[in-house]
Amino acid sequence: QVQLVESGGGSVQAGGSLKLSCTASSGGPYETCKMAWYFQAPEKEREMISSISVDSKTTYADSVKGRFTISQDNTKKTLYLQMNSLETGDTGMYYCAAFSGLRAYAGGPFSECNALHAWGQGTQVTVSS
């Protein structure tokens, strides 16, 4: 089984910084091709705010671009989200997620990477003004 364990959430003042971490356990039937961070504001739908693939391609939602940075340490099996210039609108739950994909052949590149196979438990971030 694959498990994702998060840490780093907490309460900060607006303009401050936090760094979230998500460690992945070993084993499991799926091969991860991408990891992502999701954000869910109170009473809002969960949405992806950043992702990073095995080839280090990154994506960012417009709301966090220029403020948040996603990174990964494959040796430590850890995903990070460095959050700077935090705003009150960043208050909510943050979740990490792992995706598996399809290969055209064994050992080949991923042709797709859209199958979510693991969620973290979520960590609360509260930004006060």
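Which residues of the largest nonpolar core touch the most other members? In this predicted model, that core has 24 residues, and those with the most contacts to other members are Trp37, Ile49, Phe68, Leu79, Leu81, Met83 and Tyr94. The core draws on many strands, since at least two of its residues come from each of strand 3 (18–24), strand 4 (32–40), strand 5 (47–53), strand 7 (68–73), strand 8 (78–83), strand 9 (92–103) and strand 11 (123–128). Apart from this core there is another, made of 7 residues, which include Cys33, Tyr38, Ala97 and Phe99. As background, nonpolar side chains in soluble globular proteins tend to be buried together.

Ile70 offers a way to look at the interior from a single position. This residue is part of strand 7, and it counts as buried because its relative accessibility is 4%, where the limit for a buried residue is under 20%. If residues up to four places away in sequence are not counted, Ile70 touches Met35, Trp37, Ser50, Ser51, Ile52, Thr58, Tyr60, Leu79, Tyr80 and Leu81. Among these partners, Trp37, Leu79 and Leu81 are also named above as residues of the largest nonpolar core. Ile70 can also be placed relative to Gln82, which lies 12 residues away in sequence, with 6.4 Å from C-alpha to C-alpha.

The strands themselves are arranged in sheets, and one of these is an open sheet of 4 strands with the order 1-3-8-7 and antiparallel pairing. At its edges are strand 1 (4–7) and strand 7, each of which pairs on one side only. On average, and with direction ignored, neighbouring strands of this sheet are turned by 15° against each other. Between strand 1 and strand 3 there are 4 bridges, in the antiparallel sense, and Glu6 stands opposite Cys22 of strand 3.

Glu6 appears again when we turn to Thr123, a residue of strand 11. Leaving aside neighbours within four places in sequence, Thr123 is in contact with Glu6, Gly9, Leu20, Gly92, Met93 and Tyr94. With Gly9 there is a contact that can be described in more detail, as the side chain of Thr123 reaches the backbone nitrogen of Gly9 at 3.4 Å. Is Thr123 buried or exposed? Its relative accessible area is 11%, and Thr123 is therefore buried, given that buried means under 20%.

Strand 4, which was named above as a contributor to the largest core, is mostly covered, with 7 of its 9 residues buried. This strand runs antiparallel to strand 9, to which 8 bridges join it, and here Gln40 has Met93 of strand 9 as its bridge partner. Strand 4 is also joined to strand 5 by 6 bridges, again antiparallel, and in that pairing Phe39 has Glu47 of strand 5 as its bridge partner. The hairpin formed by strand 4 and strand 5 has 6 residues between the strands, and in this hairpin Glu43 takes a positive phi near 60°.

The last part of the picture concerns aromatic rings. A pair of such rings is described by the distance of the centres and the angle of the planes. How many aromatic pairs are there? The count comes to 3. In one of them, the rings of Tyr38 and Trp119 have centres 4.9 Å apart and planes at 65°, so that this pair is edge-to-face, a term that applies to planes over 60 degrees apart. Tyr38 belongs to strand 4 and Trp119 to strand 10 (residues 110–119), and the pair thus links distant parts of the chain, 81 residues apart. The two partners differ in how covered they are: Tyr38 counts as buried at 13% relative accessibility, whereas Trp119 counts as partly exposed at 36%.

Trp119 has another ring partner, Tyr95, with the centres 6.1 Å apart and the planes at 80°, so this pair is edge-to-face as well. Because Tyr95 lies in strand 9 and Trp119 in strand 10, the pair ties together parts that are 24 residues apart in sequence. Tyr95 counts as buried, at 11% relative accessibility. Taken together, Tyr38, Tyr95 and Trp119 form one aromatic cluster, and Tyr38 is in addition one of the residues of the 7-residue core that lies apart from the largest one.

Definitions and conventions: Residues are numbered from 1 along each chain as its sequence is written. This is a predicted model: local features need pLDDT of at least 70, side-chain atom pairs count only at pLDDT 80 or more; totals for chains, interfaces and linings use all residues. Side-chain values use heavy atoms; hydrogens and water are left out. A nonpolar core is a set of buried Ala, Val, Leu, Ile, Met, Phe, Trp, Tyr and Cys residues joined through side-chain atoms within 4.5 Å. Buried means under 20% relative accessible area, exposed over 50%, partly exposed in between (1.4 Å probe, protein chains only). Two strands pair if DSSP finds at least two bridges between them. Axes are lines fitted to C-alpha atoms, for helices over the stretch in contact, and angles run from 0 to 180 degrees between N-to-C directions. A polar contact is a pair of N or O atoms within 3.5 Å; within protein, one must be able to donate a hydrogen and the other to accept it, and residues adjacent in sequence count only if both atoms are side-chain atoms. Contact means heavy atoms within 4.5 Å. Rings of Phe, Tyr and Trp (its six-membered ring) pair if their centres lie within 6.5 Å; planes under 30 degrees apart count as stacked, over 60 as edge-to-face and the rest as tilted.
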